[in-house]
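Reader: Hi! I'm new to this one, could you walk me through it?
Author: Happy to, here it is.

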Number of protein chains: 2
Amino acid sequence: MFSKACEYGIKASIFIALNSYHGKRVSLKAIAKEVASPEAFTAKILQDLVRHDIINSVKGAHGGFEIEKNDISSIKLEHIVRAIDGDKIYSGCGLGLQTCDENHPCPVHDKFVDIRNGLKQMLETTNLEELALDIKSGISFLKT
Amino acid sequence: MFSKACEYGIKASIFIALNSYHGKRVSLKAIAKEVASPEAFTAKILQDLVRHDIINSVKGAHGGFEIEKNDISSIKLEHIVRAIDGDKIYSGCGLGLQTCDENHPCPVHDKFVDIRNGLKQMLETTNLEELALDIKSGISFLKT
DNA sequence: TGTATTTCGGATAGTTTTATCCTATTTATA
DNA sequence: TATAAATAGGATAAAACTATCCGAAATACA
Ligand code: FES
Ligand code: FES
């Protein structure tokens with residue numbers, strides 16, 4: 001469903017949010033360990049999220065990644081997925097036609113659009129805060 | 001969502017079904033043209049579907065691919081997807097945890113499972129006959 | 001000022017997916 | 001039987017995705 005990069009990006013963002021909530025900045029090393037992702041690859045993904053203004057980075061000693069406290073609840077999964085995987089999830093035809101078009105639909109268009117809209121809806125309404133809180137309370141997990 | 005191989009496989013199967021409906025066997029060349037897929041790659045995918053007993057092939061002059069007329073309505077998209085992409089769509093965790101487990105859920109488990117079940121349901125209940133009939137009646141299209 | 005820490009960014013390597021090529025095998029028909 | 005038409009299958013190539021490496025730049029602190 002999502003690319004590896006996107007999976008890592010979402011999990012990393014949740015972990016950063018969780019810590020930013022307490023005013024703690026986290027390092028790449030800590031993130032990669034906590035979400036069980038390859039360090040160097042995760043670095044690339046985080047750079048991408050920084051460029052898209054989803055997370056902030058601070059270079060140098062005591063540097064790391066953080067999220068504006070006020071932004072945590074307004075950052076939706078959609079923003080992260082769009083930054084990393086682009087909008088192919090949203091716009092593409094399920095069977096690879098050049099464009100997904102009501103007026104020139106592929107055989108599964110109607111059924112596919114239903115499912116895609118569900119996914120879209122989910123990504124647009126799920127924010128980092130709720131996900132981070134579930135981790136904090138031990139309801140959900142980032143690895144294993 | 002689906003791999004290219006799977007997209008080609010589904011479209012090819014629909015085209016074969018459409019023709020088998022009229023007792024017509026179709027060649028690889030005709031299939032690739034009709035679904036706008038690379039010929040040699042499509043050949044591999046069709047071989048896969050033949051090995052999985054989803055379609056039949058006949059070698060030699062006047063050979064080609066066909067589907068048992070009585071099977072057209074009982075072949076579900078699920079069978080094709082499983083044959084080509086395996087069951088990763090069904091079993092895997094949306095965020096890449098080793099196993100998708102109620103008792104050790106990732107942060108998006110509940111929401112993800114909902115969507116995955118919708119997809120599963122769709123694939124399990126959609127059969128080749130209905131898709132082929134929509135093509136026949138000009139309601140849907142296999143390419144462009 | 002010097003050093004350790006840490007992100008940034010370019011280059012490179014490995015793996016999987018997608019795609020192509022060529023030969024062997026099978027079959028209908030002249 | 002000879003030939004042409006098709007699928008089968010192995011080998012290979014190209015592209016995309018995943019992952020690693022290393023030096024540059026920035027920053028805190030001694
Ligand atoms: S045209 Fe294929 S999903 Fe819309
Ligand atoms: S544990 Fe991640 S989707 Fe179920």
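Reader: Thanks! So what do the atoms of DNA strand C within 4 Å of the protein belong to?
Author: Of those atoms, 69% belong to sugar or phosphate, and the rest to bases. This is a predicted model, where local features need pLDDT of at least 70, side-chain atom pairs count only at pLDDT 80 or more, and totals for chains, interfaces and linings use all residues. Residues are numbered from 1 along each chain as its sequence is written, chains are lettered from A and ligands numbered from 1 in the order in which they are written, and side-chain values use heavy atoms, with hydrogens and water left out.

Reader: Which residues come nearest to DNA strand C?
Author: There are 26 residues around the strand (a heavy atom within 4 Å of it), and A:Leu28, A:Lys44, A:Ser57, A:Ala61 and B:Pro38 come nearest.

Reader: And what is 2.5 Å from a phosphate oxygen there?
Author: That's an N or O atom in the side chain of A:Ser57. For B:Tyr8, a side-chain N or O atom is 3.1 Å from a phosphate oxygen of DNA strand C.

Reader: Nice. New topic: how is chain B superposed on chain A?
Author: By a rotation of 180° with 0.0 Å of shift along its axis, giving an RMSD of 0.1 Å. The two copies are thus related as by a two-fold rotation axis. The fit is by least squares on the C-alpha atoms of residues with pLDDT of at least 70 in both copies.

Reader: Which residue of chain B comes closest to that axis?
Author: B:Met1, with its C-alpha at 2.7 Å.

How values were computed:
Polar contact = N/O pair within 3.5 Å; in protein donor to acceptor, adjacent residues only side chain to side chain.
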